[in-house]
Amino acid sequence: MAKYVFVTCSAWCTGLISYSPVLDKKVAGQYVDQTEPFEIPGCKPFRPEDVMDPMLDRDDEAYRAYVNLAVGVTLADGFLINTWENLEPQSLHALRNIEILRSILKNKPVYTVGPITKKYEQVGLKSEVIEWVDKQPERSVIYVSFGSGGTLSAEQITELAWGLELSQQRFVWVVRPPAGHIRDGTFLESGYSGEPNGEPGYLPEGFLSGTREIGFVVHSWAPQVEILNHASVGVFLTHCGWNSMLESISSGVAMIAWALYAEQRMNATMLTEELKVAVRPEVLPMKKVVGREEVERMVRGLMEGEEGKAMTEKVKRLKEGGEEALSVNGSSYISTCRFVEDCWSRIQLPI
């Protein structure tokens with residue numbers, strides 16, 4: 001029976017994962033202690049600070065499990081990647097044509113099937129947050145969310161809150177209780193149990209009352225796809241998870257790239273340096289608390305500045321490219337059809 005891997009990260013990340021067993025033998029010491037970017041044949045190099053979480057500590061058991069997983073992935077009969085040809089031409093070309101990577105992947109086919117994202121379909125009554133967004137002017141709201149698993153430190157929540165207040169921009173903020181650790185980016189982990197009266201005591205005193213006219217705070221979860229597709233939303237402050245990144249691009253919304261964990265630092269680099277549809281803090285949030293003045297500067301720059309307008313135009317072109325890829329005779333449509341044909345050809349019918 002044929003075995004295919006559905007890759008829920010970028011083609012660039014796929015190249016890194018595939019090449020990791022080689023890097024494991026070539027690189028001496030910790031990846032994060034290296035001073036030069038790592039080369040992936042045919043792909044954009046990646047910086048030591050952008051390595052994925054399992055690569056942060058080579059002495060950790062998780063690293064060995066990651067390398068073993070990377071070896072196992074190459075045993076598949078093919079790879080379906082949630083991306084499209086015009087989004088990542090360099091990395092896709094490398095996976096298919098660069099001899100070293102082709103050998104690692106054993107010349108197995110690489111299919112582009114994206115962008116696969118959740119589609120917005122209104123069911124039932126509108127939520128309270130959507131009713132609030134409905135009342136705001138076009139492209140006037142910044143949506144802030146760190147995904148279902150991303151958390152911030154208490155200090156970072158405070159700085160982000162006051163940065164939003166200083167910007168005087170309308171916002172929707174999906175906020176979770178602060179992390180129980182010093183470093184941001186803990187996944188599905190919180191050291192905060194809430195106030196006895198149920199009020200969000202982790203937000204700075206006076207923040208909610210001071211931003212009542214311009215902000216809407218949602219606790220834990222919000223209908224992200226519906227919000228991003230709303231005409232009132234102009235910017236997305238995101239943790240750079242691949243799904244969130246594709247949802248933002250598919251909605252034509254520029255981003256503030258606030259990477260936390262997993263491969264998100266690679267995604268942030270891709271958004272800011274290659275696609276140029278996002279800005280990011282000067283120092284990685286995992287290394288330093290992002291101050292309120294920097295938050296204000298990034299938010300104002302994208303919501304009011306020329307840089308934000310230029311990025312919005314670029315991301316709209318990417319959105320159109322994704323729609324074209326999924327249309328009949330588009331690149332992802334053709335690639336998916338080829339995958340189905342290849343699967344069908346493997347079926348052995350009884351004589």
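Which residues lie nearest the centre of the largest pocket? Let me start there. They are Trp221, Ala222, Gln224, Val225 and Glu247. One caution before I go on: this is a predicted model.

So, the largest pocket. Its volume is about 850 Å³. The lining runs to 39 residues. By class, 18 of the lining residues are nonpolar, 14 are polar and 7 are charged. Which elements each supply at least two of the lining residues? There are two strands, E4 at 141-145 and E6 at 215-219. There are also two helices, H8 at 224-228 and H9 at 242-251. H9 gives the most, with 4 residues. Keep H9 in mind. That helix comes back twice.

Next, the second largest pocket. Here the volume is about 300 Å³. The lining has 16 residues. Nearest the centre are Cys9, Cys13, Ile17, Met52 and Leu69. The elements with at least two lining residues each are strand E1 at 4-7, helix H1 at 11-26 and helix H2 at 61-73. The make-up of this lining is 13 nonpolar, 2 polar and 1 charged. Set that beside the 18, 14 and 7 of the largest pocket.

Now the enclosed space. How many cavities of 30 Å³ or more does a search of the whole structure find? The search finds 1. The largest cavity holds about 70 Å³. Its lining is Phe146, Gly147, Gly150, Thr151, Leu152, Ile157, Trp173, Val174, Val175 and Arg176. Of these residues, 6 are nonpolar, 3 are polar and 1 is charged. Strand E5, residues 170-175, gives the most to this lining, with 3 residues.

Ser153 deserves a word of its own. This serine sits in the loop between E4 and helix H6, which spans 154-167. Is Ser153 buried or exposed? Its relative accessible area is 8%, so Ser153 is buried. A polar atom of the Ser153 side chain lies 3.1 Å from the backbone nitrogen of Gln156.

On to the cysteines. How many disulfides does the structure hold? The number is 0. Take Cys240. This cysteine is in no disulfide, and the nearest cysteine sulfur, that of Cys13, is 13 Å away. Cys13 is one of the residues nearest the centre of the second largest pocket. Cys240 has 0% relative accessibility, so Cys240 counts as buried. Where is Cys240 in the chain? Look in the loop between strand E7 at 233-238 and H9. That is H9's first return. The backbone there also merits a check. Phi of Cys240 is near 75°, a positive value in a residue other than glycine.

Then Cys343. The closest cysteine sulfur is in Cys337, 12 Å off, and that is too far for a bond, because a disulfide needs the two sulfurs within 2.5 Å. Cys343 has 24% relative accessibility and so counts as partly exposed.

Now helix H10, residues 264-275. Why is H10 described as largely enclosed by the rest of the structure? Because 10 of its 12 residues are buried. The buried residues are Gln264, Arg265, Met266, Asn267, Ala268, Thr269, Met270, Leu271, Thr272 and Leu275. What covers them? The cover includes H1, H9, strand E8 at 254-257, strand E9 at 278-279 and helix H12 at 306-326. That is H9's second return. And H1 also supplies lining residues to the second largest pocket. After H10 comes Lys276, with a positive phi near 60°.

Two more backbone points, then I'm done. What is the geometry of the peptide bond from Gly114 to Pro115? This bond is cis, with omega near 5°. Pro115 is in the loop between strand E3 at 110-112 and helix H5 at 128-134.

The other point is Asn329. This residue is not a glycine, yet its phi is positive, about 70°. Asn329 is placed in the loop between H12 and helix H13, which covers 331-346. At 61% relative accessibility, Asn329 counts as exposed. Compare Cys240, also with a positive phi, but at 0% relative accessibility.

To wrap up. The largest pocket holds about 850 Å³, and the second largest about 300 Å³. The largest cavity holds about 70 Å³. The structure holds 0 disulfides. And H10 is largely enclosed, with 10 of 12 residues buried.

Note on methods: Residues are numbered from 1 along each chain as its sequence is written. This is a predicted model: local features need pLDDT of at least 70, side-chain atom pairs count only at pLDDT 80 or more; totals for chains, interfaces and linings use all residues. Side-chain values use heavy atoms; hydrogens and water are left out. On a 1 Å grid over the protein atoms alone, a cavity is a set of points where a 1.4 Å probe fits but cannot get out, and a pocket is an open set with protein on both sides within 12 Å along at least five of seven lines; lining residues have an atom within 4 Å of a point. Grid points are joined across faces, edges and corners, and a volume is the space filled by probe spheres set on the points. Ala, Val, Leu, Ile, Met, Phe, Trp, Tyr, Cys and Pro count as nonpolar, Asp, Glu, Lys and Arg as charged, and the others, Gly among them, as polar. Buried means under 20% relative accessible area, exposed over 50%, partly exposed in between (1.4 Å probe, protein chains only). A polar contact is a pair of N or O atoms within 3.5 Å; within protein, one must be able to donate a hydrogen and the other to accept it, and residues adjacent in sequence count only if both atoms are side-chain atoms. Contact means heavy atoms within 4.5 Å.
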